[in-house]
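Visitor: I have a structure open on my screen and would like to learn how to read it. Could you walk me through it?

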Amino acid sequence: MQIAIMSRNKNLYSTRRLIEAGKARGHEVMVVDPLRCYMNIVPHAPEIHYKGKKLEGIDAVIPRIGASITFYATAVLRQFEMVGVYPLNESVAISRSRDKLRSMQLLSRKGIGLPVTGFAHSPDDTDDLLDLVGGNAYVIKLTEGTQGKGVVLTETRGAAESVIDAFRGLDAHFLVQEYVKEARGADIRCFVIGDKVVASMKRQGKEGDFRSNLHRGGSASVIKITPEERSTAVRAAKITGLNVAGVDLLRSNHGPVVMEVNSSPGLEGIEGATGKDIAGQIIGFIEGHSRRGKTRTRGGG
């Protein structure tokens, strides 16, 4: 097969590992910067061009799309889909997961455990918004934030009101969530491929920081998850429509709650913590689901 990886930097760990895994399994792999792609939107013969040439002969595409380029990159991915290329994750699923509010509404409708959450832009009554969430400590986050940016823990109601006032001034949408104190600054990243959790790790925030993101100095270690946590992660990925996802859970007093479903989960932390070849499993999934991959498998290639 010929596999394209949509990535802005071929030297990133996740991109490098996918290149290595694809080549190790006998595939041709190319890296395509989505922002350098351009397209013609026509009914009968849509095309994608890259660096002055038409992209042809690609069997599958792996989108590694950063949050800041979601709009354009998903448009490019839709074009790949239009010309019959198999997407590891579909464009609509990526857009769905990137919209924190939309994904939480979908998960809530299907009964997935979530932190109690309020959503607002410029509430007429901050007190009422905080009453909806309950408690005294709150996590307030911008809906467009990534890697722990735009996320604030307020330990008093007065502090929450001040942060909400500040966010109002940014003319931004934001979420107010209950603070799950019993999680103690740790979350669980479940790496889902297809209908299985293939690896999981505990991410612990650095001392004094409630955010567990590895980019912010958190640490990762192997953890054994419960059947309920495993089922919750798989269902959350399926509801958002993602074949490959990083589902972040908190262990609360009333069971696992989903914090986020990530459509481009990094490989460095999970492979480093578990020692598993996650990149190889992703390529294996593509082989089993893309049209060309199935042909190769049947033919013993």
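Guide: Gladly. Keep in mind that this is a predicted model. Let us start with a helix and its surroundings: the buried residues of α4 pack against α3 (91-98), β8 (117-120), β9 (138-142), β11 (174-178), α7 (227-240) and β16.

Visitor: Which residues of helix α4 are the buried ones?

Guide: A residue counts as buried when its relative accessible area is under 20%. In α4, which spans residues 100-109, that applies to K100, S103, M104, L106 and L107. Seen down the helix axis, these buried residues fall within an arc of 160°, so they line one face of α4.

Visitor: And how do I read the two ends of α4?

Guide: Look for a cap at the start and for the backbone angles after the end. D99 caps the N-terminal end of α4, with a side-chain oxygen 3.2 Å from the backbone nitrogen of L101. After α4 comes G111, and its phi is positive, near 80°.

Visitor: Where does I112 sit, and is I112 buried or exposed?

Guide: I112 is in the loop between α4 and β8. I112 counts as buried because its relative accessibility is 5%, and the cut-off is 20%. Leaving aside neighbours within four places in sequence, I112 is in contact with L107, T232, R235, A236, I239 and V258. Take I239 from that list: I112 and I239 are 127 residues apart in sequence, yet their C-alpha atoms are 9.5 Å apart in space.

Visitor: Now the nonpolar cores. Which residues have the most contacts inside the largest one?

Guide: The idea is to follow buried nonpolar side chains that touch one another. Here the largest nonpolar core has 39 residues, and M6, F80, V247, V258 and V261 have the most contacts inside it. This core draws at least three residues from each of domain 1 (2-95) and domain 3 (182-287). Apart from it lies another core, of 25 residues, among them I193, V244, I282 and I283.

Visitor: Could we follow one of those core residues?

Guide: Let us take M6. Beyond its neighbours within four places in sequence, M6 is in contact with V32, P34, V61, I62, P63, R64, I65, A73, V76, L77 and F80.

Visitor: I would also like to see the annotated positions. Which residues does UniProt list as "binding site"?

Guide: An annotation tells you where to look, and the model then shows the setting. From an unreviewed UniProt entry, one "binding site" annotation covers E260 and N262, and the entry also lists D248 and E260 under that name.

Visitor: Where do E260 and N262 lie, and what do they touch?

Guide: E260 lies in strand β16, residues 255-262, and N262 is in β16 too. Because its relative accessibility is 31%, E260 counts as partly exposed. With neighbours within four places in sequence left aside, E260 is in contact with G246, V247 and D248. On the same basis, N262 is in contact with R189, L242, V244, A245 and G246.

Visitor: And D248: buried or exposed?

Guide: D248 is buried, as its relative accessible area is 4%. D248 is found in strand β15, residues 244-252. Neighbours within four places aside, D248 is in contact with D187, I188, R189, R203, V257, V258, M259 and E260. For R203, look at the side chains: a polar contact of 3.1 Å joins those of D248 and R203.

How values were computed: Residues numbered from 1 in each chain as written. Predicted model: local features only at pLDDT ≥ 70, side-chain atom pairs only at ≥ 80, totals over all residues. Heavy atoms only, no water. UniProt positions renumbered as here; feature names shortened; annotations may be inferred. Helix = DSSP H or I, 4+ residues; strand = E, 2+ residues; numbered from the N terminus. Buried < 20%, exposed > 50% of the residue type's maximum accessible area, 1.4 Å probe, protein only. Contact = heavy atoms within 4.5 Å. Arc of directions from axis to C-beta. Polar contact = N/O pair within 3.5 Å; in protein donor to acceptor, adjacent residues only side chain to side chain. Core = buried A, V, L, I, M, F, W, Y, C linked by side-chain atoms within 4.5 Å. Domains from an automatic or database assignment.
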